[in-house]
Amino acid sequence: MASIARPAVFRQVCTAAPSKRVFSTRTTPLITSAFRTSKPLSRPTPSTIIRETLPKVASFHATASRPILPPPPQRIQGTANDPAPVPDPSAFHGAYHWTFERIMAAGLVPLTVAPFAAGSLNPITDGVLCAFILVHSHIGFQSCIIDYFPSKRTPKTRKGLMWLLNAATVLVGVGFYEFETNDVGLTEALKRIWHA
Amino acid sequence: MLAQRAFQTTLRRVAAQPLSRAVVPAASFSQQRRLAATQNIPATATENELLVQQRLRRPVSPHISIYKAQITWYASGLNRITGVALAGSFYLYGLAYLVAPLTGWHIESMTLATAFAAWPAFAKVGVKFLAAWPFTYHAVNGLRHLSWDFAVGMKNKTVIQTGWVMVGTSFLGACYLAF
């Protein structure tokens, strides 16, 4: 915390122009002010000429501060002096999940080509396609939640979203079961709307 | 510190051996010697809170705004975006179909088909293209991902080539489906 008070610039500038605080919004570059107060150069170098003719802006920043996304909620595990926790290595972690994910994705390939090739699908095949799409979407959404809501940073949000996803998947499964039963099925409905 | 730890490990190993070969260690080697007096000040909650506030106020370095535009990561990002769009629509329709009797909406296939049929031709083609391109993009990119899972086409040059082939194929596929 003493680093706030310590000027984070070159040592020669510190000795030439001592200052207690250094902000990024300083209007005159410290390097040129240092050159003026210290021994003058015998011959102005091209770099100083360029520096003198350029508009005086805050040094060390070429662009304005424009955060795309603000920093997320910060959580300090242990104390500030503890090293970052390294998880235990496990060569097999998530192997079944990975394989299942690829089986889903590979299974979707013939199931998606079939309606285009055959024209329309048997209700059972259509139901299987809906189920595969549902599980594939569920796994995809899980990956998004895992990526954007790490459990160390936002534990409650992460848990809540995972449960919300589970509930949504179950409800959508019921919804498409109803759709398959009461209506014409996913592929047939899409075909009718598409060629309407 | 590493040297001291190594020495302590060696010491333990030597001590575990039979007594006839035991070496009597000097007391100073097994204890850590500090030549300056230190004091352990545990961090309090207010100090942690201060650190959290500092972190929240620090500027975030530009990342996606300055990284060179490449088909590798653009394609990956678009794969996720199209996937979320398609799956999101799927989920929303499923949930809407369940609550439609309660809210009085009519979103059966027949109602949607007759409503869509009444749209002007350019709007129909436009919407069909906007719906088809994410689908074809995600499908063809999915094939690319499956090929990587078999360690096929993993070189950077191949990834770039297949990436552009995928963009072209998906665009043509979407055009075929929409028109």
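How many helices and how many strands does chain A have? Chain A has seven helices and zero strands. Here helices are DSSP runs of H or I with at least four residues, strands are E runs of at least two, and both are numbered from the N terminus. Along the sequence, chain A reads α-α-α-α-α-α-α.

This is a predicted model, in which local features need pLDDT of at least 70, side-chain atom pairs count only at pLDDT 80 or more, and totals for chains, interfaces and linings use all residues. Residues are numbered from 1 along each chain as its sequence is written, chains are lettered from A and ligands numbered from 1 in the order in which they are written, and side-chain values use heavy atoms, with hydrogens and water left out.

## Chain A overall

Chain A has 196 residues, and 23% of them count as buried. Buried means under 20% relative accessible area, exposed means over 50%, and partly exposed lies in between (1.4 Å probe, protein chains only). Take the contacts in chain A between residues at least 6 apart in sequence: 53% of these join residues at least 24 apart. A contact means heavy atoms within 4.5 Å.

## Helices α5 and α6 of chain A

Helix α5 of chain A covers residues 123-148, and helix α6 of chain A covers residues 155-182. Their axes come within 10 Å and cross at roughly 165°. Axes are lines fitted to C-alpha atoms, for helices over the stretch in contact, and angles run from 0 to 180 degrees between N-to-C directions. α5(A) and α6(A) are therefore roughly antiparallel to each other. The cut-offs are under 35 degrees for roughly parallel, over 145 for roughly antiparallel, 65 to 115 for roughly perpendicular, and oblique for the rest.

The crossing of α5(A) past α6(A) is right-handed. That term applies if the near helix is turned clockwise from the far one by less than a right angle, and left-handed applies if anticlockwise.

On the α5(A) side, the contact residues include Cys130(A), Leu134(A), His138(A) and Phe141(A). On the α6(A) side, they include Leu165(A), Thr169(A), Val172(A) and Phe176(A). By class, this contact has 11 nonpolar, six polar and three charged residues. Ala, Val, Leu, Ile, Met, Phe, Trp, Tyr, Cys and Pro count as nonpolar, Asp, Glu, Lys and Arg as charged, and the others, Gly among them, as polar.

Leu134(A) lies in helix α5 of chain A. Leu134(A) is buried, with a relative accessible area of 13%. Its C-alpha atom is 7.1 Å from that of Thr169(A), 35 residues apart along the chain. Leaving out residues up to four places away in sequence, Leu134(A) touches Thr169(A), Val172(A), Gly173(A), Phe90(B) and Tyr91(B).

## Across the chains

Helix α4 of chain A (residues 95-118) and helix α6 of chain B (residues 121-149) have axes that come within 11 Å and cross at roughly 135°. α4(A) and α6(B) are therefore oblique to each other. α4(A) passes α6(B) in a left-handed crossing. Trp98(A), Arg102(A), Ala105(A), Ala106(A), Val109(A), Thr112(A) and Phe116(A) in α4(A) meet Phe135(B), Leu143(B), Leu146(B) and Asp149(B) in α6(B). These residues divide into eight nonpolar, one polar and two charged.

## Annotated sites

UniProt, in an unreviewed entry, lists "binding site" at Tyr148(A) and at His136(A). UniProt positions use the numbering given here, feature names are shortened, and annotations may be inferred rather than shown by experiment.

Tyr148(A) is found in helix α5 of chain A. Beyond four places in sequence, Tyr148(A) touches Arg153(A) and Arg80(B). His136(A) also lies in helix α5 of chain A. With neighbours within four places left aside, His136(A) is in contact with Ala105(A), Leu108(A) and His138(B).

Accessibility for four residues is set out here.

| Residue | Relative accessibility | Class |
|---|---|---|
| Tyr148(A) | 47% | partly exposed |
| His136(A) | 26% | partly exposed |
| Thr111(B) | 27% | partly exposed |
| Thr187(A) | 13% | buried |

Thr187(A) lies in helix α7 (residues 186-194) of chain A. Past four places in sequence, Thr187(A) touches Pro115(A), Leu121(A), Asp126(A) and Leu129(A).

In chain B, the unreviewed UniProt entry places "transmembrane region" at residues 81-100, 112-139 and 159-178. Residues 112-139 of chain B are 89% helix and 0% strand, with end C-alpha atoms 25 Å apart. Residues 159-178 of chain B are 100% helix and 0% strand, with end C-alpha atoms 28 Å apart.
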